[in-house]
Amino acid sequence: MAAPMQCGVETQSSESSMSLKKALTAVSPLTLRIVAECPVTKARACELALPHCTVSTPVFMPVGTQGTLKGITVDQLESLGCQICLGNTYHLGMRPGPELIEKANGLHGFMNWKRNLLTDSGGFQMVSLVELSEVTEEGVRFKSPYDGKEILLSPEKSVSIQNSLGSDIMMQLDDVVSSTVSGPRVEEAMHRSIRWLDRCIAANKNPDKQNLFAIIQGGLNAELRRACLEEMTKRDVPGFAIGGLSGGEEKDDFWRMVTLSTDHLPREKPRYLMGVGYAVDLVVCVALGCDMFDCVFPTRTARFGSALVPWGSVQVKHKQYAKDFQPIDPDCQCPTCKRHSRAYLHALFKSDTAAMHHITIHNISYQLSLMRSVRQSIVEGRFPQFIQTFMRRMFLSRDQYPSWAVDALASVNITLE
Amino acid sequence: MHLELTRVVQGSGRLGVLRGLSRTRPHHSLETPGCLLYTHLGSVPHLTQDTLHTLKDLPSVTQVTLSDIAEHQEVLESFKEGFRKFAGLHDTVLYCSLHDPAALCPAGYTTNKTVSVWGSGGRMELTVTKFMSLQKCTQPDWYTSMADGETWQVNTTRKRVRKSVDRTLAHLDECLLLHHKLPELEEVSVFGVVEGGDIVDERLRSARETAKRPVVGFCLDGFQTGFMEPSVRAQLIAAVTEELPEDKPRLLPGVGRPDEVLACVEAGVDVFEGFFPFQVTERGCALCFRFDVTPDPESAVLELNKEEEVVRNGNVNRDDQTQMTPFEINLKDKRYEDDFGPLVKGCGCYSCQNHQRAYLHHLLVTNELLAGVLLMIHNTSHYLGFFKALRAALASDQLELLKRRVMEAGGRESD
């Protein structure tokens, strides 16, 4: 395994700590180095050393579901500074299948991505995409939408597929229950997820190269969450994800579960909040102690002509931009904003798919830049001020601030001005 | 604009360089026979600047069409600074054609005074006045005059063909009149359009009359792929070019298949539209025909005398432009599922250097947008390589060899 390199980011390590890092990673495929901690909130800035390169956190991970980031080449993704992105086990497990990807030297080889990959377990897609899926202790049984065959996705099968994909971070198969569900099913799912975690750990063929993350469940029930945290943190996994949120639940419940989870997760391991990607959510959840995020929103919304900006979004396809000769964001340094105007993109949407690609590039750039700025402010000890500025830019006035965000930030000593 | 001919071989085509393409970009030239860079509203389909510029030696001339531009007239008039700047095209020559060669226009909408183009919002009718107002706000370096080219239907009568010639000449005269009144178009080149369907004397009449006007070059309309027997086309083109001044360029719209390009080069055509790679991309295919010709004259002679299996045109239905040609492979085919080779062995394009057939197959099967990006890059690269080889073959008298090579069956299969 190659020693990890910084992915295009200046490393501040001295020589001796570099060799220490190398020695450590010879043993473990993941090392988290905390570079700075915010004295006011629970935010941290870290360096996450993974097999393909080191990732600076907090980090937003774009989602490349089927082994590609919709319309963007790996070179373009690299140029934007992306250090880690996602692939979906469910989709890739169906097409082209693990055997073929293994032949292609794993997902890295297949899509020719030289940096890090994170694969989810397929659990979420099971439940959200597939009709008539049935969950038992064995696994999730469903019918393939492509050929109608009956398939069982068990913890062992999910890990096996992810081993073939060769991702740097793999997710356990969890018993996924929608966050709008309550009652005994939530408790059942939480306990089962713990049992499935153990089965996943046992099934991992490549613990020296692939990091298996646990996923904390428990729905919106604090008791269940605490129980899950207590049990799962007993397992020696390299990292933890906070799952079962970012569905349709109330934001007031959402943030409370996030902060409860980070309170009980070990400091020296990364915290991955799954499915979170709106700018406000990212900033707040960094303040609550999360390090890693993923979401399809920025790339999906791009294809509908929605460009993300510090003050919200620019709906490029709307008539009002037909004669707007400014770029999407005059301060943005992405290739799209450096060359094209809103008016041109508005017109191009009527003629060619390239319009979508321009916005996708801009949105990824926006997300990654946002996280870089967040990180820099933590490193420089001014994250609280960053939050104030960020919120002022994003909302027209103080009474527009979402109350859940105000409450969440207050819980970590930030009083929004 | 002027054409510097470096080599003319009767019945075998001409080699040259088109210079003075743009007043603002005097260093730009186009080697002929050559092709233009095909775009949708200024963007090569699927590509942004980064992906486009993985390609080397792009044509210096970018083509846009009024069918893309017309609906944005108001916007361009507000913008005032011309289409090139509007589209963020910094260093290219801009050529504006009437129609999109890759999109078939419905018949029956042309009148004595108007032609129609189809944009995203539907049909737009253009008089010469409107046509010229579009050129005014577009500010291309070069455009073809408004023309009635609706002679491609099977049962087009002689009367209709004659009308298309008459109308087109009238449109040209009106265009030129308005052209000289517009300061924005002061150093912009205008091509006249030769019509005439498949009727020889109408073609000759159109050619002679158009040649009398002060145009910088000629667009040979109504010869689009799929609507005429290739041999008939070649004969008509040869007859037409006889009537045209030797030192002015001939552009042939709507013809892009390599075999047809070769035939039309022999008949005297200099410039082609570069839309064929786009059509191949849209059907999920990759161009793979060979165009390498051995430089050694001795083996060249041996090659020519070999008993070669020459492929007849693979697609029987010439009218269907979405059908595969013998020059490409269909990456959706199951045989490529686990083919880990590049699209074309030895190809230096970004797609071939970074990806494999199996990956492209996967992207196509899963309907991923990246398939279009990677195929467009490869197909454009391959096609431009073909034109480069074509010019080299003309320069060294190896056109026959090139024709054979291009038509070889073997070149299509995976190595």
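Start by selecting Cys332(A), which sits in the loop between β16 (312-315) and α13 (335-339) of chain A. What you have open is a predicted model, and every stop on this tour should be read with that in mind.

**Stop 1: the cysteine and histidine site of chain A**

Keep Cys332(A) selected and add Cys334(A), Cys337(A) and His362(A), the residues that an unreviewed UniProt entry covers with the annotation "binding site". Although these residues span 31 positions in sequence, no two of their C-alpha atoms are more than 8.3 Å apart, so they gather at one spot. Cys332(A) has a relative accessible area of 13% and is therefore buried, the cut-off being under 20%. Beyond its neighbours within four places in sequence, Cys332(A) is in contact with Cys337(A), His362(A) and Ser365(A).

Move next to Cys337(A), which belongs to helix α13 of chain A and is likewise buried, with a relative accessible area of 8%. If neighbours within four places in sequence are again left aside, the contacts of Cys337(A) are Pro327(A), Ile328(A), Asp329(A), Cys332(A) and His362(A).

**Stop 2: a second annotated site in chain A**

Now select Asp120(A), Ser121(A), Gly122(A), Gly123(A), Phe124(A), Asp174(A), Gln217(A) and Gly244(A), which the unreviewed UniProt entry also annotates as "binding site". Asp120(A) is part of strand β6 (residues 116-120) of chain A, and its relative accessible area of 9% makes it buried. Show its surroundings and, apart from residues up to four places away in sequence, you will find Gly87(A), Asn88(A), Thr89(A), Gln125(A), Gln162(A) and Met171(A) touching Asp120(A). One of these, Asn88(A), makes a polar contact of 3.1 Å, side chain to side chain, with Asp120(A).

Gly123(A), in contrast to the strand residue just visited, is found in helix α6 (residues 123-129) of chain A, and at 3% relative accessibility it counts as buried. Not counting residues up to four places away in sequence, Gly123(A) touches Leu153(A), Leu173(A), Asp174(A) and Val176(A); among them, Asp174(A) is covered by the "binding site" annotation as well.

**Stop 3: chain A as a whole**

Zoom out and colour chain A by secondary structure, which comes to 17 helices and 16 strands. Its radius of gyration of 21 Å agrees with the value near 22 Å that a compact globule of 417 residues would have, and the C-alpha trace spans about 60 × 50 × 50 Å along its principal axes. Buried residues make up 60% of the chain. Of the contacts in chain A with a separation of 6 or more, 67% are between residues 24 or more positions apart.

**Stop 4: Arg7(B), where distant parts of chain B meet**

Switch to chain B, which has 15 helices and 16 strands, and whose C-alpha trace spans about 60 × 45 × 45 Å along its principal axes. Select Arg7(B) in strand β1 (residues 2-9), a residue that is partly exposed, with a relative accessible area of 27%. Arg7(B) and Leu394(B) lie 387 residues apart along the chain, yet their C-alpha atoms are separated by 8.2 Å. A polar atom of the Arg7(B) side chain lies 2.7 Å from the backbone oxygen of Leu394(B), while a polar contact of 3.1 Å joins the side chains of Arg7(B) and Asp397(B).

**Stop 5: the nonpolar core**

Which residues touch the most other members of the largest nonpolar core? Select Phe83(B) and Leu220(B), the two that do so within this core of 94 residues. Helix α14 (residues 369-395) of chain B gives the most to the core, with eight residues. Around Leu220(B), leaving aside neighbours within four places in sequence, the contacts include Val194(B), Ile237(B), Val240(B), Leu244(B) and Val269(B).

**Stop 6: helix α5 of chain B**

Finish at helix α5 (residues 128-138) of chain B, where the buried residues are Val128(B), Phe131(B), Met132(B), Leu134(B), Gln135(B), Cys137(B) and Thr138(B). Step past the end of this helix to Gln139(B), which follows it and has a positive phi, near 55°.

Conventions. Residues numbered from 1 in each chain as written. Chains lettered and ligands numbered in written order. Predicted model: local features only at pLDDT ≥ 70, side-chain atom pairs only at ≥ 80, totals over all residues. Heavy atoms only, no water. Core = buried A, V, L, I, M, F, W, Y, C linked by side-chain atoms within 4.5 Å. Buried < 20%, exposed > 50% of the residue type's maximum accessible area, 1.4 Å probe, protein only. Helix = DSSP H or I, 4+ residues; strand = E, 2+ residues; numbered from the N terminus. Contact = heavy atoms within 4.5 Å. UniProt positions renumbered as here; feature names shortened; annotations may be inferred. Polar contact = N/O pair within 3.5 Å; in protein donor to acceptor, adjacent residues only side chain to side chain. Rg over C-alpha atoms; globule rule 2.2 N^0.38 Å.
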